[in-house]
Amino acid sequence: MQITASTVSLTVDDVAASQRFFTSHLGYVEQAAADGFASLTRDDAAVDIVLLARGNEVLPADQRDQHASGLILAFTSTGIEDEEKRLRTEGVEITMPLREEPWGERLFQIKDPNGVVIQFVEWATPSDPA
């Protein structure tokens with residue numbers, strides 16, 4: 001087996017709202033869309049995203065009413081301080097402000113309109129090496 005791409009599938013209440021958020025603020029573009037479905041991608045190493053409406057009959061019956069929760073969609077990137085400022089300027093609520101952990105992880109979080117937690121991570125030199 002050879003994995004050629006990675007995709008995360010998120011079940012949400014409002015596909016269009018999440019689709020607008022990811023394309024407007026996070027640089028995703030639509031690959032395909034239909035009623036209750038959108039497939040999004042980027043040209044870099046970011047994971048592709050499929051958005052499915054809750055209750056969508058393409059899902060097995062035991063998964064149809066689940067909602068993307070308890071999940072953090074994390075993107076490791078560079079320049080997250082500038083990214084946080086850009087998102088603030090665009091009116092995106094920063095739900096966890098930029099901070100640095102003692103082990104060298106710099107991170108901040110936002111949420112999409114359906115409550116999907118998106119975290120940006122950048123690795124720095126630890127301020128207190130163990």
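**Strand E3, its hairpins and the nonpolar core**

Strands E2 and E3 form a hairpin with 2 residues between them. In the turn, Gly 36 has a positive phi of about 80°. The model is predicted. E2 spans residues 29–34 and runs antiparallel to E3, with 5 bridges joining the two strands. One bridge pairs Ala 34 with Phe 37 of E3.

E3 also pairs with E4. The two strands run antiparallel and are joined by 4 bridges. They form a hairpin with 6 residues between them. Phe 37 takes part here too, with Leu 52 as its bridge partner in E4. Of the 5 residues of E3, 4 are buried, so the strand is largely enclosed by the rest of the structure.

Thr 41 lies in E3. Its relative accessibility is 13%, so Thr 41 counts as buried, the limit being under 20%. The side chain of Thr 41 makes a polar contact with the side chain of Asp 48 at 2.6 Å. Beyond four places in sequence, Thr 41 touches Gly 27, Tyr 28, Val 29, Gln 31 and Asp 48.

The largest nonpolar core holds 27 residues. Leu 26, Tyr 28, Ile 49, Ile 110, Ile 118 and Phe 120 touch the most other members. At least two core residues come from each of strands E1, E3, E4, E5, E7 and E8 and helices H1 and H2. In soluble globular proteins, nonpolar side chains tend to be buried together. Outside its neighbours within four places in sequence, Ile 118 is in contact with Phe 21, Phe 22, Leu 26, Leu 73, Phe 75, Phe 108 and Ile 110, and also with Gln 109 and Asp 112.

Note on methods:
Residues are numbered from 1 along each chain as its sequence is written. This is a predicted model: local features need pLDDT of at least 70, side-chain atom pairs count only at pLDDT 80 or more; totals for chains, interfaces and linings use all residues. Side-chain values use heavy atoms; hydrogens and water are left out. A nonpolar core is a set of buried Ala, Val, Leu, Ile, Met, Phe, Trp, Tyr and Cys residues joined through side-chain atoms within 4.5 Å. Buried means under 20% relative accessible area, exposed over 50%, partly exposed in between (1.4 Å probe, protein chains only). Contact means heavy atoms within 4.5 Å. A polar contact is a pair of N or O atoms within 3.5 Å; within protein, one must be able to donate a hydrogen and the other to accept it, and residues adjacent in sequence count only if both atoms are side-chain atoms. Two strands pair if DSSP finds at least two bridges between them.
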